Amino acid sequence: MPLRWRATALLALAACAHEMPPEPGATSLDTIPIVGPPGRLTLNRGQDVTPAFTPDGRGVWYAWEKLDRADHDLCLGVLPVGGGTRTHEVCHPNLAANPDSVNWYNHPAPHPDGKRLAWLRIGARAGAPQWGSGEIVLSRIDDLGDPTRWRRLTPFPHQIAPGSPRHFYNQAAAIQWANDSTLVFLGELVVAFSANGLPKDTFYTGLELGTLTVRGDTAVTGFIPGTDDASGLSLGPGGAIYFTRNGDERVYRTTLAGGVVDTVFDFGPAGFARDPVYVDGAIYAVVGGDVSYLFYTDFPRRLQHDGGGALWRADSAGLTRIDDVHRWRRPTVSPDGHTLVIEGRDPVSGVTDLYLLRLN
């Protein structure tokens, strides 16, 4: 079952205020490199998602599903790019008194200094409405085992402009450091309902690109003008921010200040573009596939439903489809631009693993 479908259970959940320190499990072997482009990097009966390279390019932070608990928590860990043993594991504590709680640690964002990690923490329990609560958290990597030393940067749901109906996000995704002090993220609307008579499903629809600036004891949220309906983002050289929009075949470029938005590539009939990354004059993106952008009878606005698509490359030579066997999401590129790691969902089993593609 795809991870986004499992999130339907979360919509009946709310905040779980556990503050006991988690006890990271023993290091685990979670790799089975397979020859072929892209080659499989992880082996896990659960989901492996939201990869992010360490600043030195030697490892990949990611979220992995904990299968020894009925609530299927998501934990964080880092895996060597060449495959091997997962380390720096951090999970929510195994609280037998709260078997109905769900706790997800997701969208890891390693700081450029290599010593800190930000991520999205979601906690919820059965019987309460909607998604409950989440927050972006920052910690020294050496302190991951001690939540009393974690810093809570901003809560979710979150409204950047109080009193305004705009700039309200249920959740953050694709969290990344734009510089030493500012995080960029995709602000999302998250809803679940029975769409047009079909079984209940969960919709994660991008709203715009948000920012979170951390200086001293303050953490100030903002948004990037001109990024309405953003569906994915990545950072490029010279302070460029590349992003896509819901129901749109194009890849756009802006900066942290926003305002001026350029069209970089248009994938045209290949389909809606999502999750772009810039690599040495080329754009890699997820295009087409299991994606829709529709009005629904039970909700008053268009929602993008994204189950992944084909992996494409666009450059001055044209468009190239790299692979459409799996349903791909959320590529991330190494600091040296030589390696891409991406989520790949098996269309038969529904399991998502991480895959690796050598670019040059």
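## A first look at the surface

How much area does the protein chain expose, and what share of it do carbon and sulfur atoms supply? The protein chain exposes about 14,900 Å², and carbon and sulfur atoms supply 53% of that area. Please keep in mind as you read that this is a predicted model.

## The overall build

Strands are what you will meet along this chain: there are 28 of them, together with one helix. Of the 360 residues, 56% count as buried. Looking at contacts between residues at least 6 apart in sequence, 50% join residues at least 24 apart.

## How confident is the prediction?

The pLDDT averages 85 over the protein chain, and 84% of the residues score at least 70. Residues 1-35 have a pLDDT below 50, although in the model this stretch has 131 contacts beyond near neighbours in sequence. Another stretch with a pLDDT below 50 covers residues 126-131; beyond near neighbours in sequence, the model gives this stretch 29 contacts.

## Inside the core

Now let us go inside. The largest nonpolar core has 41 residues. Those with the most contacts inside this core are Trp119, Ile136, Ile175, Leu183, Phe185 and Leu303.

Leucine 183 is a good residue to visit. Leaving aside its neighbours within four places in sequence, leucine 183 is in contact with Ala109, Ala118, Ile136, Leu153, Ile175, Gln176, Trp177, Gly210, Thr211 and Leu212. Two of the core residues named above, Ile136 and Ile175, are on that list.

## A close-up of strand 22

Is strand 22 mostly covered or mostly exposed? Strand 22, which spans residues 282-287, is mostly covered, with six of its six residues buried. In a regular strand the side chains alternate between the two faces of the sheet. Here, Ala282, Tyr284 and Val286 point one way, while Ile283, Ala285 and Val287 point the other way. Residues on both sides are buried.

## The partners of strand 22

Which strands pair with strand 22? One partner is strand 21 (residues 273-279), which pairs with strand 22 in the antiparallel sense over five bridges. In this pairing, arginine 274 stands opposite valine 286. The two strands form a hairpin with two residues between them, and in the turn aspartate 280 has a positive phi of about 50°.

Strand 25 (residues 309-315) is another partner, and its pairing with strand 22 is also antiparallel, over five bridges. There, isoleucine 283 of strand 22 stands opposite alanine 314 of strand 25.

Methods
Residues numbered from 1 in each chain as written. Predicted model: local features only at pLDDT ≥ 70, side-chain atom pairs only at ≥ 80, totals over all residues. Heavy atoms only, no water. Helix = DSSP H or I, 4+ residues; strand = E, 2+ residues; numbered from the N terminus. Buried < 20%, exposed > 50% of the residue type's maximum accessible area, 1.4 Å probe, protein only. Contact = heavy atoms within 4.5 Å. Areas by Shrake-Rupley, 256 points an atom, 1.4 Å probe, with all protein chains shown as cover. Core = buried A, V, L, I, M, F, W, Y, C linked by side-chain atoms within 4.5 Å. pLDDT = per-residue confidence, 0-100. Pairing = 2+ DSSP bridges.
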